[in-house]
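This briefing sets out the architecture of one protein for a reader who has the sequence and the coordinates at hand. Please consult both while reading the points below.

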Amino acid sequence: MLLFSFLFLLLQNFPSFTHAEKDSINWRSRRELNWTDFKATPVESAPNAALTSTSILLNYTYDKKSLSFQLKCVFHPEKSWVRVNTPQILAHEQGHFDISQLFTRKLFKSLSEYNFKPGSVDKDVKTIYQQVATEQSAYQELYDQETNYSRNKEVQLSWQEKIETELRAAEKYATYPE
C-alpha cells in the first residue's frame, strides 16, 4: 500500500527542498529499499502488511523569460512502516517507489515541454503538477488492485516487469534537474 504526496514549492532561489526531504531516500541512485528503511510504527487497524510513503518534490522559479525547476523523487522512512516483512511484500513496496520515479520522469517531460507564458506560469505549473499527481494516484491504485497488494504473485511479477519497462522507456527523462 502507498501513501504518497506531491510537495509543490515556489521559491525565489533554489535552496534545498526544505525539511520535506530531510531524512528521505532519493530514488535517483536507484537505491533498493530494505526493511530497515521502514521506520514508522505500523498502524494496527490497517489491513495492509506495509505502507510506503513517497513524494515527488517540485521546486520552481521563473522570471519574465523562462521557468527553472528542480525535481526529486523520495521515500520517507519515518512515514513508512511494515508489519509483515517478506521478500514479495518488499518487492511490492519497491514497486510503489519505482512508480513514483516513473511519474517524476513524466512530470519532467511535461514541464520540459511547457510553452512558457509569464502571465500564467503559476497556474500552468500547478495544472501540470496536478495532472501528473492524478495520473500517478490512479496508477498506484491500479497496481495495488491488480496485484491484490502483492498477494497475486504472478500478477506482481508481471507488474514489476511492466514498471521496469516503463522506466526504461522514460530513461530520456531520468536526468531531471535536482
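The points below go from the overall fold to the strands, the core, and individual residues.

The model is predicted. The protein contains three helices and five strands, and along the sequence these follow the pattern β-β-β-β-β-α-α-α.

**Overall fold**

- Of the 178 residues of the protein, 47% are classed as buried.
- The accessible surface amounts to about 9,200 Å², and carbon and sulfur atoms contribute 53% of that area.
- Among contacts in the protein with a separation of 6 or more, 81% link residues 24 or more positions apart.

**Strand 3 and its partners**

- In strand 3, 12 of the 13 residues are buried, which leaves this strand mostly covered.
- Strand 3 pairs with strand 4 in the antiparallel sense through nine bridges, and the two strands form a hairpin with four residues between them.
- Within this pairing, Tyr60 stands opposite Phe69 of strand 4.
- Strand 3 also runs antiparallel to strand 5 (residues 81–82), to which two bridges join it; here Leu51 stands opposite Trp81.

**Nonpolar core**

- The largest nonpolar core has 39 residues, and the members that touch the most others are Leu58, Leu67, Phe69, Leu71, Leu107 and Leu111.
- At least two core residues come from each of strand 3 (50–62), strand 4 (67–75), helix 1 (87–113), helix 2 (121–147) and helix 3 (153–169).
- Helix 1 provides the largest share of this core, with nine residues.
- Leu111 touches Leu58, Phe69, Leu71, Val125 and Ile128, when residues up to four places away in sequence are not counted.
- In soluble globular proteins, nonpolar side chains tend to be buried together.

**Helix 2**

- The 27 residues of helix 2 should span 39 Å at 1.5 Å a residue, and the end C-alpha atoms are 39 Å apart, so the expected and modelled spans agree.
- Asn148, just after helix 2, adopts a positive phi of about 50°.

**Ser68**

- Ser68 lies in strand 4 and has a relative accessible area of 32%, so this residue is partly exposed.
- Although Ser68 and Ser112 are 44 residues apart in sequence, their C-alpha atoms are 9.6 Å apart in space.

Terms used
Residues are numbered from 1 along each chain as its sequence is written. This is a predicted model: local features need pLDDT of at least 70, side-chain atom pairs count only at pLDDT 80 or more; totals for chains, interfaces and linings use all residues. Side-chain values use heavy atoms; hydrogens and water are left out. A nonpolar core is a set of buried Ala, Val, Leu, Ile, Met, Phe, Trp, Tyr and Cys residues joined through side-chain atoms within 4.5 Å. Buried means under 20% relative accessible area, exposed over 50%, partly exposed in between (1.4 Å probe, protein chains only). Contact means heavy atoms within 4.5 Å. Two strands pair if DSSP finds at least two bridges between them. The expected span of a helix is 1.5 Å times one less than its number of residues. Accessible areas come from the Shrake-Rupley method with a 1.4 Å probe; for residues, only the protein chains shown count as cover.
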